[in-house]
Every structure is written in structure tokens, then in C-alpha cells.
Amino acid sequence: MWQAVRRELARLEWDAAPPLTQDLLSEWSQTVPSLLGIRRVLGPVSVHDPLAMLATATTGAARTTDAKPTVAPSLHDVRAALAGLARVMEVASDDDRRRQVATLNHVAYGLAHWVQVRTTDDRAKAWLLAGETALDSAIHAPADRSAIGVGLAAWQDALAAVQPVQNASIVRRSVALGHVAILRNAHALVREARQSGALPRPYSDALLGNIRELARAHQTTLSQIDGRRLGSTHVDQAVMLKLGSAVRQLTSRPDITEPSHIRLDALLRSRIGEAVLVANLTNQTSAKPVAGRISRLALEYLANPGMLRPADPPGSLPPGAPVDRTPAPVREPPAPAVLGEPSIRPGTVLTGDIIEALCRARDLGVAAATGDATNPPDILRGVHPSRWPQLVVEGRQAVTDLVASVIPMVYAQTRQALNAADVRGQMFVELMGAAYRFDPQRIGPERWPTYAWMTLEHTRRRGVDHSGVLRSRSPRSNTVTLGDTEPVSREPGPGAGIEERQSIEAIKQALGRLPHSLQVPLLDSMQGRPAHVIAEDFGVSESTARRRIQEARNSVRDELAPHGDEVAEVPYETVTDPVLQRSQRLFEETFAPSLGPEPGRGPDR
Amino acid sequence: MTGVLIPKESIGRADLLLGQATMLTADRWDEVAGMIQEAMGIVLLMAAAHPSSRPVDVPGLASLSAMDCVDQALREVQSWDLALAADLRDLARLRVLLTDVRTDLNVTSARRG
């Protein structure tokens, strides 16, 4: 699907005499909508999405006044390839969607960087770096959506919007006022992280020092602006409205459900509220170098987000005590949804009305988490976007409560299970998915417990593999099956492809040619049935059953041996033909463990 | 709409006063500065949504202390009709904030002597 885009990206890099554009920024502004077009095919785009932030940053860059045009290779063909892809893009499943989004982010990141390094104007470059950082962050250190992250996205959007009138005093005043509030917030969080040992001391000291210095620079800016004449023109009013809305979001009381390290993480990812862009807009000489230092510190964090750890729990080492400053390992990408603390007792019986209300809260939360404030989904019409983060929290809580209400079922289902812990873990995941999928309108709200039970029952029947992962519904491509039978517990071998398919086909054909009296015992043994049980089924002695199984194996082996014509004379263990080699391995993996030859009775080789 | 006249000029003055207070406390890192900034955020948006058609002024603004700015801003806000709460969504929060800031600044200045 991505071949055309990949080809154009390669051409962009290697074409010795590419067609040129006289204005790279203008071309890039036309290319970003193509990227967004693909992203929209893959699902709703929230303001917090890295591509939405890339679009905002690109708008900011394009609006940089008096920026000198950059001559560079044209992006026309890349744009055409992206547009072509948007037309044919199809998503088969959630997993496929995730993969496509990841691929798109990688492509966008590569392109954003390509454009950024070629852009000559420093102010436009700062904007492009903001977009690139958003993608970098999403790819290399993905984080959960957070309320403050949404506020910071609105802030970046506002900065881009006021870019064309950046020299207006109202812009300098509003931007400086807003950024002072961001800096104070960041200062409090960094200081808290420093005191609790959540952030390395030298790093937090450097950050605190620079934040204080930048605040003083803003103080100077504000002291130089006469506010009395501001706010009377339409331009002033538009600027104030845009920046005022963003500032209001950022100065509102923090979401108490959002831990401080999450808020600090979001601030650092935003390079502390786009300090460099703010310094460019306020045009205060003393602000620029400090903002640059803050930006570098933030990028240092982004390269190693493990340096910020959640605050130590009460009772741990007091501040000042020797602490291991080794950065914590980089966190795993967050799961799509996380079970928090339920607000009800596990197993509480919920009435239909309550289940319906919880499902409604869940749907609002999902819509708020993925919706676009500029084009809200129907369910969120009339709800102010500033309320959306709260809806996300309430939605998660609703799902947690739905799960909690049926959680005793998990224990009931796994009481007799051999690998209970694995099955139970998978059941929690499945239950979470069920809580998101359950449609009270279609199924009936009071049927939630039944729906949950059926989901768990299904999970239990399918079981989990050795890694604790639910077995796939479809038979794996690299296991040999005949009809409805499936060998027990076969882990997928590495690799796949034509040779594997050919091998499997060869084995299947060989098995199919066996007489019934040999084929059935062999297939039974493949399913793990002991020889004495097979013998009972056939009404023969155990030794006869073993002999038939052995004969069947020999017959299949003989069938497979001439499969590679050129290696017909080569000993079985030393075949060099990749197809046959693969057949041999598959054959051994399939048969050997379920029917180990008795000592001294192995096939002659 | 409630039919109550929105005091646009008074909102403009409160915006100037709280902007000045934010500037004066930009190098403070305590809760009081945070509350002043939150109040500033509220009034900035109010002033943007309800701009005054005439330039507004606060005599001697440059010479006011943060405490004076908050005092005067609170007076402005207290002069507004309470029925405006329907139009100005954050009015109640603004009143509470300014009252708290004033109390805290009084305590701080009393401690200083």
C-alpha cells in the first residue's frame, strides 16, 4: 500500500537532479493536508494527535512574516503519492489501523525532519521543529492523552493563529501573560519532582533556573507594553479571544485525577509551552537564549523520558537521602485503556438504568478522547471542549465500573484452569474490550452480565498460549491441518512465505495420500492422544497402533524426500534445499513431540 | 441573555489590573501567583469576548503594587450585577479567586511587617 510513497521518499533523497521548488515552506503547507487526509481515513483526528500538531506547527511556520523562501527539491510527487494512498487506504481491523497510523507517523516524521533541516529561516524552523517534536514524541515515547496536553495543543494552535500579527502589542502582551502562567505551573511541578526525587537534581536545577530567567524576561516585555490602548480593534479582539481561550484552559484548576508527573511530562513534551516560539513572538532579546536552553533541556528529556519517574510513595527514602539516579527504563507504550480504581464494590449488581448511564458516559469519554474540537461529533454537540478531558476521565471510570460489576465471573471461570493466572490476565483484557463494545440499545442494558459471561466463556474455551496470549481464532498459517483438526499447542515458527506454504502443502498432500488405517492414528497422535487410547479406538494392540503411526511417519517422510529433485540423494538430516529443509523442520516439530519413538525403535536414517 | 448590561469598560479595567498584577508577580512561584494568573486568564477571556468600544485606562497603573491591582480588580468585579453570572460563566470563580488572593496578600504583607 505504501510502495508509491516509499519510492517517492527514496527519490527525494537520492535523485541527483530533482525538480526544484522555489518555496519549500509553501510546498510543505500543501503536503501536510495530504498526510492529514490519510490520517482522517484511519479515524477521527483529535487536537492532541501528532499530525494535528504538525498541521498547526506548519501553519505557524507558513505564517512567519518576511521568511526568506527556501529553494529545495519539490515535494510534488510525494504529495501525489500520499493523495493516491488516501484514496485507496482501507483498514481491515483495529490492529491494522494502529499499524497504518504508526506507518503514517513515521513517514510524516521523516518528511517533517527533511523539511525542517532545509528551511533557512530560524523562526519558521522553530515552528517546524515543534511539529517534528510532536511526531518524535508520539513515535519514540508515546504517552497517554492528558488534560494539560490538550490545553498545550490549544496553546500551540493559538500561537500559530496570531503569527501573522506577531508584531502587534496585544500579541506580545497576551503571549507573555499566558506563558508566565505556563512557566509558573512548570516551576511548581519541576520543584515538586525535584523534592520527591522523581527528576534528577542537576537536570531540575537547570530547568528551574531557566524557567525563572525566562519569566523575568517576560516581566520585562510586559513592563514595556502600554495596555491602555489595546483591545479596541478587531484584530486585537481576535487575538485576545484566541489566546485568551488557550490561557484559560491552561490556568484552570488542574485535573485532580491527573498525576503531577503526567502534567510535567506533557509540559516537557511541549518544550515547556513552546518557549522558543513564545520568545520569537515576544521578540524580547533576553528571552531567546533562555528559551533555547529550555527547549534543549526538554529535548534531552524526550530522548530519555525514563529520567522522570512517578513520585516515590510515602514511606520511601526521604528527600536528600542517597537515591539511585540511574534513569528508569523507558516505559512501555501505554495500553489503549487502563483499569483504574472502581467506584463500586466488585460484583455489585447494577440495574439496567445504571448500566445504560455508564455506557453513555463511556461513549462520551471515547468521543471526547478522539473528537476534533473544531468539528465535534454529534454526541458532543453543545459540550464545551474544555469539558472534554473530564468526560474522558468519567468514561474510563464508567468502563472500570462496568468491569468491576462482573469481575467475580473471572474467578469463577478460572477456578479449575491449569494456567489460571495467564487465562485470568487475558480475561481482564477481554472484559475491558467487552465493556467498550457492549451496546445497551441493541442487546438490552440488563444483559451486560450475560454478555460479559459469554465473552469470558469464549476466552476460557479458546485458552491462552504459552505467552498468556489468547489463541488466534484462525488456524496459523504454519501449522499443518487437515479438515477441522489442529495440532495441539504449536507455537508459530519464525518466518513465513512461499517456501513455508510449499512445505506445508507438501506435508498435507503426503498425509492425504496415506491409507485410512495409517492416516487416522497419525492425526490422532498429532493431537496428543496417547498410543494406548488410539489403540483402543481402533480395537488393536498398543504396539500395533505405534507401528501404524511409525509407518505413517515413514511414509510421509519418504513422500517428502524427493520433493526437492536435486537433493534426492542427499541424506535426510543434511538436506540443503530450503523448501525441503523447511519441510523437514516442520515435520519434526509437528510429529516428534507428540510421538517420540520408543528407544531403539526409531526410524532408520 | 439576561438582559443585564455587560460592563465592558469595567471588564477592560479588570483585565489591565490583573495583567499588571501578573507582571508584578511573574517572579513569584507560590500559590498566590498561581491564583492571580488564573484570575488573569478568566478576565483576559472575558475582555476578549466583550471588548470595550472605547480605550480603557487605569490612572497610575504603572505605580500600583500587586496588592493594589488585586484590590482594585476586586472592586471592579464586585460592582458587576450578579445576574451576569448567566453570561459570564467564570464570574463566581473570579470573585472567589480575587477574595482569596487579597486575603493571602494581606497575610503576607502583615507578616513582613
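**Helix H10 and the contact between chains A and B**

In this predicted model, 14 of the 18 residues of H10(A) are buried, so this helix is largely enclosed by the rest of the structure. H10 of chain A covers residues 234–251, and at 1.5 Å a residue its 18 residues should span 26 Å, a value with which the distance of 25 Å between its end C-alpha atoms agrees.

The chain to which H10 belongs, chain A, contains 24 helices and two strands, and 41% of its 605 residues count as buried. When contacts in chain A between residues at least 6 apart in sequence are considered, 77% of them join residues at least 24 apart.

Chain B, with 113 residues, of which 45% count as buried, has four helices and zero strands, so that its elements, read from the N terminus on, follow the order α-α-α-α. Of the contacts in chain B with a separation of 6 or more, 84% are accounted for by residues 24 or more positions apart.

The contact between the two chains takes 28 residues from chain A and 25 residues from chain B. On the side of chain A that touches chain B, at least two residues each are supplied by helix H8 (169–196), helix H9 (201–223) and H10, and by class this side is made up of nine nonpolar, twelve polar and seven charged residues. H10 of chain A thus appears both as a helix with 14 of its 18 residues buried and as one of the helices that supply residues to the side touching chain B.

How values were computed
Residues are numbered from 1 along each chain as its sequence is written. Chains are lettered from A and ligands numbered from 1 in the order in which they are written. This is a predicted model: local features need pLDDT of at least 70, side-chain atom pairs count only at pLDDT 80 or more; totals for chains, interfaces and linings use all residues. A residue is buried if 20 or more other C-beta atoms lie within 10 Å of its own, exposed if 12 or fewer, and partly exposed in between; C-beta atoms are placed from the backbone. Two residues are in contact if their C-beta atoms, placed from the backbone, lie within 7 Å. The expected span of a helix is 1.5 Å times one less than its number of residues. Ala, Val, Leu, Ile, Met, Phe, Trp, Tyr, Cys and Pro count as nonpolar, Asp, Glu, Lys and Arg as charged, and the others, Gly among them, as polar.
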